[in-house]
Amino acid sequence: MQVEKYLNDILKDHKLHFTLIDPDEQTPQEAVDVAQMVKKANSDAILVGGSITNQEELDKTVKALKDNVDLPVILFPGNVNGVSKHADAILFMSLLNSTNPYWITGAQALSAPSMLKMNLETIPMGYLIIEPGGTVGWVGDAKPIPRNKSDLAVAYALAAQYMGMRVIYLEAGSGANEHISVEMVAKVKKLTNLMVIVGGGIRTPEDASKIKEAGADIIITGTVVEETPDVYNKIKELTDAIHQ
């Protein structure tokens with residue numbers, strides 16, 4: 001499967017929803033159970049990763065997902081140990097507003113030879129941490145972009161585009177109290193040619209609809225899956241709002 005082509009083909013019809021699964025939060029079988037429910041609820045792909053990832057658990061989880069769920073499994077790496085040969089693709093991302101060069105180019109250089117050997121599809125992506133940023137902002141030594149500074153997000157996104165990246169991810173952080181502002185999403189989408197991913201703080205169909213209408217191409221939810229006792233109905237509410 002060519003994952004990036006698959007995503008672009010679906011975008012011709014409707015916006016997408018991805019479910020994020022952190023391999024350190026559940027067993028591989030529990031991850032499969034969640035993935036089967038979100039597939040039934042019309043989620044478009046599974047992201048696997050976290051800010052702090054155990055390589056062995058990641059590999060077991062990705063393999064279990066690929067063996068049991070008919071959805072693309074895309075890696076969302078938190079570091080060089082966030083790579084698995086069993087995945088369909090990886091978001092090959094640069095944390096553009098990190099203050100530490102390791103997260104901008106260092107980790108990428110260290111992991112690139114492994115991805116070549118795995119023949120893993122890479123999707124080049126700029127990653128931006130927006131306030132509050134959460135754990136990933138702390139781990140990634142980020143200087144979070146203030147919520148009300150949309151022009152700063154646009155500037156970084158344009159830089160990503162001019163450097164040849166095809167995707168930009170606007171991240172408020174796992175468990176954020178608020179999603180990224182509609183204004184910021186709209187400006188980034190309007191002023192770039194990038195596929196726009198938005199994550200963090202999106203918990204309700206109303207949240208998802210606002211972010212979609214602002215211009216997000218893909219909406220990521222992860223914390224709501226961990227918190228809800230009814231994964232199917234929660235994700236179905238979100239996907240119904242996103243796919244309309």
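A residue counts as buried when its relative accessible area is under 20%. Keep that cut-off in mind while walking through this predicted model.

Start with Ala214. Its relative accessible area is 12%, so Ala214 is buried. Ala214 belongs to helix H8, which covers residues 205-214. What does Ala214 touch, leaving aside residues up to four places away in sequence? The contacts are Val182, Val185, Ala186 and Lys189. Lys190 offers a distance to check: its C-alpha atom is 9.4 Å from that of Ala214. Along the chain, Ala214 and Lys190 are 24 residues apart.

Now turn to helix H2. This helix has 13 residues, and at 1.5 Å a residue it should span 18 Å. The C-alpha atoms at its ends are 18 Å apart, so the expected span and the model agree. The expected value uses one less than the number of residues. Which residues of H2 are buried? They are Pro28, Ala31, Val32, Val34, Ala35 and Val38. Look down the axis of H2, and these buried residues fall within an arc of 165°, so they line one face of the helix. Several elements help cover them. Among them are strand S1 (16-21) and strand S2. Helix H3 (55-68), helix H9 (223-227) and helix H10 (231-243) also take part in the cover.

Stay with H2 a moment longer. Lys40 has its charged end over the ring of Tyr232, 5.3 Å from the ring centre. Just after H2 comes Asn42, with a positive phi of about 75°. Asn42 is in the loop that runs from helix H2 (28-40) to strand S2 (45-48). Is Asn42 buried, partly exposed or exposed? With a relative accessible area of 37%, Asn42 is partly exposed.

Another asparagine is worth a look. Asn119 has a positive phi of about 55°, although it is not a glycine. Its loop lies between helix H4 (101-118) and strand S5. Asn119 has a relative accessible area of 70%, so it is exposed; the cut-off for that class is over 50%.

Follow the chain through S5. Beyond this strand (121-129), a loop leads to helix H5 (134-139), and Pro132 sits in that loop. The peptide bond joining Glu131 and Pro132 is cis. Its omega is about 5°.

Last come the aromatic rings. How many aromatic pairs are there? The count is four. One of the pairs is Tyr102 with Trp103: their ring centres are 4.8 Å apart and their planes meet at 85°, so the pair is edge-to-face. Planes over 60 degrees apart fall in that class. Tyr102 is partly exposed, with a relative accessible area of 27%. Trp103 counts as buried, at 14%.

Tyr127 and Tyr169 make another edge-to-face pair. Their rings lie 5.1 Å apart, centre to centre, with 80° between the planes. This pair links distant parts of the chain. Tyr127 is in strand S5, while Tyr169 is in strand S6 (residues 167-171), and the two are 42 residues apart. Both tyrosines are buried. Phe76 joins the picture too: ring pairs link Phe76, Tyr127 and Tyr169 into a cluster.

How values were computed
Residues numbered from 1 in each chain as written. Predicted model: local features only at pLDDT ≥ 70, side-chain atom pairs only at ≥ 80, totals over all residues. Heavy atoms only, no water. Helix = DSSP H or I, 4+ residues; strand = E, 2+ residues; numbered from the N terminus. Buried < 20%, exposed > 50% of the residue type's maximum accessible area, 1.4 Å probe, protein only. Arc of directions from axis to C-beta. Contact = heavy atoms within 4.5 Å. Phe/Tyr/Trp six-rings, centres within 6.5 Å; stacked < 30°, edge-to-face > 60°. Lys NZ or Arg CZ within 6 Å of the ring centre and 35° of its normal.
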